[in-house]
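Thanks for coming. I have one structure to go through today, and I will put it on the screen before saying anything about it.

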Amino acid sequence: MKFDGKYISLLGCFLRYNGANLILLLIVKDYIIMKLSNREIEILSCLPYGLTDKEIASKLGISKRTVQTHVNRIFIKLGVRNRVSAACFFIRNFQDKNVI
């Protein structure tokens, strides 16, 4: 079965607000995380610090346009609309892991 970010995000909201099976929610979250490439996780880790695309590009040694492409793909995969929502996802799911 193939899911895109919007459906995963909606399913996560439904499960949280309707008290459904927590195990399914964890599986969905792990599925989303598995879809992110290492570079996308690297870029996602910069978002909570409020770095611009240009600053992220400089830090990672890639072009600003490449960062923009990765950020757009992150939004699609996470089912979010903005950098703040993506940063919140990172903080909730990666704060205990040494990703940064």
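I will start with the overall layout and confidence, then go to one helix, the core, and a few single residues.

First, what you see is a predicted model. The chain has 100 residues, and 34% of them are buried. It contains six helices and zero strands, so there is no sheet to look for, given how strands are assigned. Taking contacts with a separation of 6 or more, 60% of them join residues 24 or more positions apart.

On confidence, the average pLDDT of the chain is 77, and 61% of the residues reach at least 70. Which elements have the lowest and the highest mean pLDDT? The lowest is helix α1, residues 5-18, at 53, and the highest is α4, at 97. Where pLDDT is low, the predicted coordinates should not be read in detail. I will therefore leave the details of α1 alone, with its mean pLDDT of 53.

Now helix α4, which runs over residues 53-60. Its buried residues are D53, I56, A57 and L60. Why do they sit on the same side of α4? They span an arc of only 100 degrees around the axis, and that places them on one side of the helix. The general background is that an α-helix has 3.6 residues a turn, so residues three or four places apart point the same way. The face turned away from the buried side of α4 holds the exposed residues K54, S58 and K59. As for what covers the buried residues, the cover includes α3 (38-44), α5 and α6 (83-94). After α4 comes G61, with a positive phi near 70 degrees.

Next, the core. The largest nonpolar core has 20 residues, and those touching the most other members are I43, L44, I56, I74, L78 and A86. Two or more residues of this core come from each of α3, α4, α5 and α6. I56 is also one of the buried residues of α4. In general, nonpolar side chains tend to be buried together in soluble globular proteins. Take I74 as an example: leaving aside residues up to four places away in sequence, I74 touches L36, E40, I43, L44 and A86.

Staying with α5, let us look at H70, which lies in that helix. Is H70 buried or exposed? It counts as buried, because its relative accessibility is 14%, and the cut-off for buried is under 20%. With residues up to four places away in sequence again left out, H70 touches R39, E40 and I43. E40 and I43 also appear among the contacts of I74.

T66 is another residue of α5, the helix of residues 64-78. T66 is partly exposed, at a relative accessible area of 31%. The side chain of T66 makes a polar contact with the side chain of S63, at 2.8 Å. T66 and D53 are 13 residues apart in sequence, and their C-alpha atoms are 9.0 Å apart. D53, as mentioned, is on the buried list for α4.

Last, the cysteines. How many disulfides does the structure hold? Zero. C46 is buried, at 1% relative accessibility, whereas C88 is partly exposed, at 34%.

That is the end of my part.

Methods. Residues numbered from 1 in each chain as written. Predicted model: local features only at pLDDT ≥ 70, side-chain atom pairs only at ≥ 80, totals over all residues. Heavy atoms only, no water. Helix = DSSP H or I, 4+ residues; strand = E, 2+ residues; numbered from the N terminus. Buried < 20%, exposed > 50% of the residue type's maximum accessible area, 1.4 Å probe, protein only. Polar contact = N/O pair within 3.5 Å; in protein donor to acceptor, adjacent residues only side chain to side chain. Arc of directions from axis to C-beta. Contact = heavy atoms within 4.5 Å. Disulfide = S-S within 2.5 Å. Core = buried A, V, L, I, M, F, W, Y, C linked by side-chain atoms within 4.5 Å. pLDDT = per-residue confidence, 0-100.
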